[in-house]
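Dear colleague,

Here is the structure that I promised to hand over, and my notes follow below it.

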Amino acid sequence: MQEPLRIDPTRALTDMATFQRKLAAGMANLRDMREPEYANTPRELVYSEDKLKVWHFTGAGKSRAKTPLLIVYALVNTVWMTDLQADRSMVSNLLEQGEDVYLIEWGYPDGADRWLTLDDYINGYLDRCVDAVRQRHDLDAINLLGICQGGAFSLCYTALHQHKVKNLITMVTPVDFHTPDNMLSSWCRNMDVDLFVDTMGNIPAGLMNYVYLTLKPIRLNQQKYIGMVDILDSPVELENFLRMERWIFDSPDQAGEAFRQFIKDFYQANKLVKGTLEIGGQPVDLGMITRPVLNIFAEHDHLVPPDASRALGKHIGTTDYTQLAFKGGHIGIYVSSRAQREVPPAIHQWLRQRS
Amino acid sequence: MADLAGDFMRDYQLLAQQSWDAWTRQFQQTPATNPFAPPPAPAAGNETLERTLAGMKGYFDWMQAGIAGGGGATPVGDWQQQLQQMFGGAAQPFSQAFGSIDSASAESFTRQSQTWWKAVQHGGFGEVPGMQGATPAFGLNREQQMQQQALAAALLASLQASARYQELIQRANAQGVQRLQDKLAEHAEPGRQIDSMKGLYDLWVDASEEAYADIALSDEFRDVYGEMVNTQMRARQLQQEQTERLCRELGVPTRSEVSSLGERLQALRREFRASRAGGSVDHADDIAALRQEVVALKRQLAKPAPAATPRAANKVARAKSPGAAKKAAPKPASAVTSRTGSRKRK
């Protein structure tokens, strides 16, 4: 056995000097860097209401899909994670596969949206978005792809409006909110949500971001930025890093009432798997969903633990249930190079078998 | 030689400090001159930036201290003591890494509270009632006195809860160092030794995050976290009530009034949509469900009947027109498959 720590002072000094040199040089690179863009895949606006917009991606060629696919994102952060940049775009990849892709951009709630409920979002906004796409294609039912909280919304929607959904795909979607490794769920279990929402009104995006950062405080508040120093001399990598930073912190406030209901019914009472959830006075029963379901989750997801997603298999009613585990995290499932290779083709293949 | 090395380090540290100062100046926004601005407080966006810079600076300072202290070139057996020096002390830069995760929000809340205290004192209220504990209130300003006492108690409870939260964060910090020692012990085999400051740092991050996760998932943390949020919200709520009372006295619209209008407006929008839809949405769902049931019934009827009822089956078949049966076929098929194939587990 030897000493586990054997740091060569000369090397340490060199490392420190390199760190400092990169930092000094990087200041110029950062200063010259313009705000990175995202959401660059060509698209057209097909429906809007209040602050939400439904976009249709036009793509390079004509879609071969018989049934369009509508992406339903979470209310937290923005949907543009699915179209971050040309070589990291799930949307672009789905288009290349031949899918006809739409997505809902929820917008940025303000005081006027304080009283929007989950019923307003699911039976109101989402239903009207689905109708808009159905009407454009003269179809009874379309394909839904729900992401994270948007996946939970899509499950509720499918349970309530099954005849409008042909196939359902859920990605990194929490279903069982009481798995033992769910940190967010544990933290909010003893929160007085009524007091919280009555006091805060809408929930500020900054507060939400702060909570997410505290899930892995050192990794996300310090180590990440120390790692950034290594790429300060690479304009491309730096731009990618800053683009991701922009996306992370470009996030909307949460409508107070919807937040209240989501925390109470989903996080605290776990009603989705208990079968006691009601949206707009109508019972939501996962067991009644008979449409084909593809459930994709990330094996290293720190926001939605894999078991929270896997639980869908135990509660969904359909006999056509497929589960896909992705080796990556909550964000990597959209932007990593592995994700580009694996996820959109898997979605397309699964849909094609059910077209 | 020793002096030369010392000079080099001093010069280097001076240069490094200048570099950090330049970075900080580069990214700090110049506050706008505003005569109505509240006491100096960093903008929300700057808090993140400051934390980021502080994190990087902390890392750099730690590397410097580690090198100045001899790095890993220590006698056999001293590495654990060295680790304690590098990671364990409350004054070392990394103790801020965990500590800072709460400081931003706690700081702004504390600053807000302090501003409020000053405003109340300068607003002619004199000493804030309740500061010395609850006392009976009476007279014309009885309600205000009671509110002040409630707020003072709420702020105190909030500070106590935050202190309990900080205790847990510090515990995670300490356990992280312990875990680091355990992890390092696994690196004692030849070829697995940690030979760079960055390697040591990354191992510390792993150890600290693991320790933090264990504590953050505990029942104790859940209780403390809930208490911290709830007490802070209670204090904020009482502050808002006081502010609203002052606004009402000054004839300024309050947030509650605006919010109440928003609630009514949203209710009206729902009613309007429901009346415009005329309930057609619900009927569409009902009709779809009924169609599925009809289809299922038709298929049941279309199944070969038991031997005793051939006549009845023929009767049903004759009753339908062939065209109608053909039209109805595709949709029903999937509906029946879904329905009969569903595996409800409840």
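How many helices and strands are there in chain B? Chain B has 12 helices and zero strands, where helices (H or I, at least four residues) and strands (E, at least two) are DSSP runs numbered from the N terminus. Please keep in mind that this is a predicted model, in which local features need pLDDT of at least 70 and side-chain atom pairs count only at pLDDT 80 or more, while totals for chains, interfaces and linings use all residues. Residues are numbered from 1 along each chain as its sequence is written, and chains are lettered from A and ligands numbered from 1 in the order in which they are written.

Of the 346 residues in chain B, 19% are buried, that is, they have 20 or more other C-beta atoms within 10 Å of their own, against 12 or fewer for exposed and a count in between for partly exposed, with C-beta atoms placed from the backbone.

The largest nonpolar core (buried Ala, Val, Leu, Ile, Met, Phe, Trp, Tyr and Cys residues joined through C-beta atoms within 7 Å) has 129 residues, and Leu70(A) and Ile71(A) are among those with the most contacts inside it. Helix α6 of chain B, residues 197–216, gives this core its largest share, nine residues. Apart from it lies another core of five residues, including Ala152(B) and Ala235(B).

Ala39(A), in the loop between α1 (9–32) and β1 (43–49) of chain A, has a positive phi near 60 degrees although it is not glycine, and this residue is partly exposed, with 19 other C-beta atoms within 10 Å.

Best regards
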